[in-house]
Amino acid sequence: MSDNPRPRRLADRIKTIVATMLDTRIKDPRLGFVTVTDVRVTGDLQHATVFYTVMGTEEEREGTAAALASATGILRREVGRQTGVRLTPTLEFILDAIPENARAIEDLLSEARERDAELARSKQGAQYAGDADPYRTTPEDDEDSEGPEGEAADAPADAPGTQGAPRTPGNS
């Protein structure tokens, strides 16, 4: 749909009309428990795509799709009568994949929660392989590191205040 408010209003109206018709006037035994989830209308108002979901088995979904295909003419006629637009849009029914996608996401989230819980359980009794802080030094280690002139042996050669350090273009 475009940013034009007219297709949005028409889509909302078509959604209401189709849902009401499916609930009250369409008596096809193949029609399952249908919910109209969304309607999208093209910018020129010539085509409407109706998204729906069906609660039930795959067989009930197929039966509902066949029932909607056979009732498309009746639904289109009623949409044209109630909306009053000059050219009644064609209706196309598409099974909405939102419930299946939501179920897949829920499954992935529950699997992630299980893995997090398993990791938390494995971390409870765990200990470090070595020291907890391998970089920690003791005061005795600091005294041993002094060189012959009383300076620390690990002081860099080009540290500020040292003389005789070579100068490079990036080292000022």
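**Exercise 1. The chain as a whole**

What percentage of the 172 residues of the protein chain count as buried? Also work out which helices and strands the chain holds and in what order they run.

*Solution.* Keep in mind that you are working with a predicted model.

- Step 1: Begin with burial, where 23% of the 172 residues count as buried.
- Step 2: Next, list the elements: the protein chain has 5 helices and 3 strands.
- Step 3: Read from the N terminus, these elements follow the order α-β-β-α-α-β-α-α.
- Step 4: Finally, turn to the contacts between residues at least 6 apart in sequence, of which 57% join residues at least 24 apart.

**Exercise 2. Building the sheet**

Find the strand order of the sheet, and state for each pair of strands whether the pairing is parallel or antiparallel.

*Solution.* Take the sheet pair by pair.

- Step 1: The 3 strands form an open sheet in the order β1-β2-β3, and its pairing is mixed.
- Step 2: β1 and β3 (90–95) are the edge strands, each pairing on one side only.
- Step 3: On average, neighbouring strands of this sheet are turned by 30 degrees against each other, with direction ignored.
- Step 4: For the first pair, β1 and β2 (residues 47–55) run antiparallel and are joined by 8 bridges.
- Step 5: For the other pair, β2 and β3 are parallel, with 6 bridges.

Now put residues on these pairings. Phe33 has Met55 in β2 as its bridge partner. Val34 faces Val54 of β2, and Asp38 is bridged to Phe51, also in β2. On the parallel side, the partner of His47 is Thr90 in β3.

**Exercise 3. The hairpin loop**

Which residue in the hairpin of β1 and β2 takes a positive phi, and is that residue buried or exposed?

*Solution.* Start from the connection and then look at the backbone.

- Step 1: The hairpin of β1 and β2 has 5 residues between the strands.
- Step 2: In the loop between β1 and β2 you will find Leu45.
- Step 3: The phi of Leu45 is near 60 degrees, a positive value in a residue other than glycine.
- Step 4: The relative accessible area of Leu45 is 12%, which is under the 20% cut-off, so Leu45 is buried.

**Exercise 4. Two threonines in β2**

How many of the 9 residues of β2 are buried? Then compile the surroundings of Thr49 and Thr53.

*Solution.* Go from the strand to its residues.

- Step 1: β2 is mostly covered, with 7 of its 9 residues buried.
- Step 2: Thr49 lies in strand β2. Its relative accessible area of 12% is under 20%, and therefore Thr49 counts as buried.
- Step 3: With neighbours within four places in sequence left aside, Thr49 contacts Asp38, Val39, Arg40, Glu92 and Ile94.
- Step 4: For a C-alpha distance, take Thr49 and Ile14: they are 35 residues apart along the chain and separated by 9.9 Å.
- Step 5: Thr53 also belongs to strand β2. With a relative accessible area of 11%, Thr53 is buried because that value is under 20%.
- Step 6: Leaving out neighbours within four places in sequence once more, the contacts of Thr53 are Phe33, Val34, Thr35, Thr37, Leu95, Asp96 and Pro99.

**Exercise 5. The largest pocket**

What is the volume of the largest pocket, and which element gives the largest share of its lining?

*Solution.* Move from the volume to the wall.

- Step 1: The largest pocket has a volume of about 170 Å³.
- Step 2: The elements giving two or more residues to its lining are α1 (5–24) and β1 (33–41).
- Step 3: β1 provides the largest share, 4 residues.
- Step 4: The lining is made up of Ala19, Leu22, Asp23, Ile26, Lys27, Asp28, Leu31, Gly32, Phe33, Val34, Thr35 and Val36.
- Step 5: By class, the lining residues are 7 nonpolar, 2 polar and 3 charged.

To close, link the pocket back to the sheet. Phe33, Val34 and Thr35 are among the lining residues, and these three are also in contact with Thr53.

Conventions
Residues numbered from 1 in each chain as written. Predicted model: local features only at pLDDT ≥ 70, side-chain atom pairs only at ≥ 80, totals over all residues. Heavy atoms only, no water. 1 Å grid on protein atoms, 1.4 Å probe; cavity = no way out; pocket = protein on both sides within 12 Å on 5 of 7 lines; lining within 4 Å. Points joined across faces, edges and corners; volume = space filled by probe spheres on them. Nonpolar A, V, L, I, M, F, W, Y, C, P; charged D, E, K, R; others polar. Pairing = 2+ DSSP bridges. Axes fitted to C-alpha atoms, helices over the stretch in contact; angles between N-to-C directions. Buried < 20%, exposed > 50% of the residue type's maximum accessible area, 1.4 Å probe, protein only. Contact = heavy atoms within 4.5 Å.
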